[in-house]
Structure formats: C-alpha cells, structure tokens
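Reader: Could you take me through one helix pairing in close detail, and then set a second one beside it?

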Amino acid sequence: MAELSFKYVHVNGLRLHVATAGPKEGEMVILLHGFPEFWRAWEKQMHALAEEGYFVVAPDQRGYHLSSKPPEKASYSMDALRDDITGLIFHFKREKAVVAGHDWGGAIGWYLALTRPEYVSLFIPVNMPHLTAMPKTMLMHPMDIIKGYYMAAFQLPGLPDKAAAMFQYAALKAHLSVTSCPGTFTKSELEQYRFAWSQPGSVTAMFNWFRAIPFGPAEAMSTETINVPVRMIWGMHDWFLGRAAAKESLKYCSDGDGIFIEEATHWVHHEQPELVTQSIRNFIQEK
C-alpha cells in the first residue's frame, strides 16, 4: 500500500493541511472533499492511484480539520476556494492537474474548470452537478427543492453550528451514516470525523461555506460551456441531489460523459471505492 505523507502548505494567505501520496514526478491528481468530510474522504483512491504512479494530493480544504479557519463568511467565497487549489498547483510546481471533487469539492472543481481552465487537464465531479444545472433542474423538479432544503437551512446564523456539535456531533454522524448504504462508515471512521469536527472553529467554518453562497460571483451561474474534458461519477440514490441535475450538467460540457452507479448514494467514493478509482484511472488513460 502506498505510503501517505502530510505537510502544511501556505497558499492564498492561509495554511492548508495536505495529504500526498505517490511519486512526485508522477502526473498530479488533486482530490477535493466536500461537506462534512476532510482529506480522508479520498484515502482509498489515494492509495490506489499512488501505486499506479500518480502524484496524489488531497487537502483539508479551508475551514476543515487541520487547515486554517478564517472567521469571516466572505473568506469562503468561490473565488477564494478556487484560488486555494490553484495555489496548490503552483506550490508543487505544476502547470495543471487532474481534478476530482465530491460534493462541495465538486462545486469548486466546476468553478475552477469554468474560470481557470488552463490549470485543469481533466475534471471528475462526483455527485455534484454543474453550478447552473442544479438551480435550473430544481425549478423543473419540485422534489429536488425538498432534497436541497439543507443548503438554505445551513446558512442560518449560529443555529446549525450549535445543533451539529450537540451530543458529540450526533447530527453530523447521522448526516453520513443515515444517508449512505448500511455499514459504509464504521465506528472507527466516524470517530476520526468527530476528531476533525472538534477542531476549534471547524464546525462554524464548515457552515460558512454555505453562508458564503451570496458572495458568489456571477460566473458561478454562467451558462458558458466547460471546455475541460469532464467525466461525471454519480451514485444514483443521492438523498441530497437529484439525478436530473446530473444529466443536465453534461449539456454544459463540450467534452463530457457520465458514469451512473445504481448501487450507491451521495457517498459513492466510499461505497464503491474500486469502481470510482477505476473510473478516474480510465479517464486519465483515455485522454
């Protein structure tokens, strides 16, 4: 099994805690976690891709786990989150990288591919639709509005933070375990997540990603075509995001296709790790 290394990287005015694996001369693959995870969300893919010669980088994104947690809501704007990733590419002295992102990590990947395509060789969104497709399909599919209720609820001041921290982060644990296939997250893994959430300021910072949505620039809702090659991976039984948005997303890609996995939920990279790894690997090799 490929060995993981950890370091702190100073980028974009803050300090990111970063996990890396694989030979430094290998093609760079950046794996971006979503809410409420941290770098470990991609651990299985890191080992597998590193063993095949890729240089894999998985940061704790700003506000999460051991990375910096600026207190201002505006510090979690799409521009700031995107520039953290380009900062990582610069830090490792690369011109571009393969980028895969799940949930909020996928949102940052979409925005990066749209506004800074020169830094992205390939993009793999995992259960995160294009930033225009999601609100568009919500208007056409009322059930998707119900599914996406949490995005509005999480923007409330103070209340989500307090509720999430109660009873040893029981609500956040349920967010993972109740909405995934049975047994996906072990007690040991949930304890590792609890440790990440318990870092000072972490819970508020995680919710500030949602509270910063109003600070998003106009490009986030752009109808421009994504010209970076895209391969979407989608667990079909997603509690939070409708499959209509996934299919609509591909209409915004000049070179895009999708892999839809029936035996998976929003947490497909945990439930079907080998299949997700194979899909990433095949996409790189094809291009």
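Reader: Does helix 7 pass helix 9 in a left-handed or a right-handed crossing?

Author: Happy to help! This is a predicted model, where local features need pLDDT of at least 70 and side-chain atom pairs count only at pLDDT 80 or more, while totals for chains, interfaces and linings use all residues. Residues are numbered from 1 along each chain as its sequence is written, and side-chain values use heavy atoms, leaving out hydrogens and water.

The crossing of helix 7 past helix 9 is right-handed (the near helix is turned clockwise from the far one by less than a right angle). Helix 7 covers residues 159-177 and helix 9 residues 202-211 (helices are DSSP runs, H or I, of at least four residues, numbered from the N terminus). Their axes come within 10 Å and cross at roughly 130° (lines fitted to C-alpha atoms over the stretch in contact, with angles from 0 to 180 degrees between N-to-C directions). Helix 7 is therefore oblique to helix 9 (neither under 35, over 145, nor 65 to 115 degrees).

On the helix 7 side, Pro160, Asp161, Ala164, Tyr169 and Leu172 meet Val203, Thr204, Met206, Phe207 and Arg211 of helix 9 (heavy atoms within 4.5 Å). Seven of these contact residues are nonpolar, one is polar and two are charged (Ala, Val, Leu, Ile, Met, Phe, Trp, Tyr, Cys and Pro are nonpolar; Asp, Glu, Lys and Arg charged; the others, Gly among them, polar).

Now for the second pairing. Helix 2 (residues 78-91) packs on helix 3 at about 80°, with axes 9 Å apart, so the two are roughly perpendicular. Among the residues making the contact are Leu81 and Ile85 of helix 2, and Trp104 and Tyr111 of helix 3. This contact has eight nonpolar, two polar and two charged residues.
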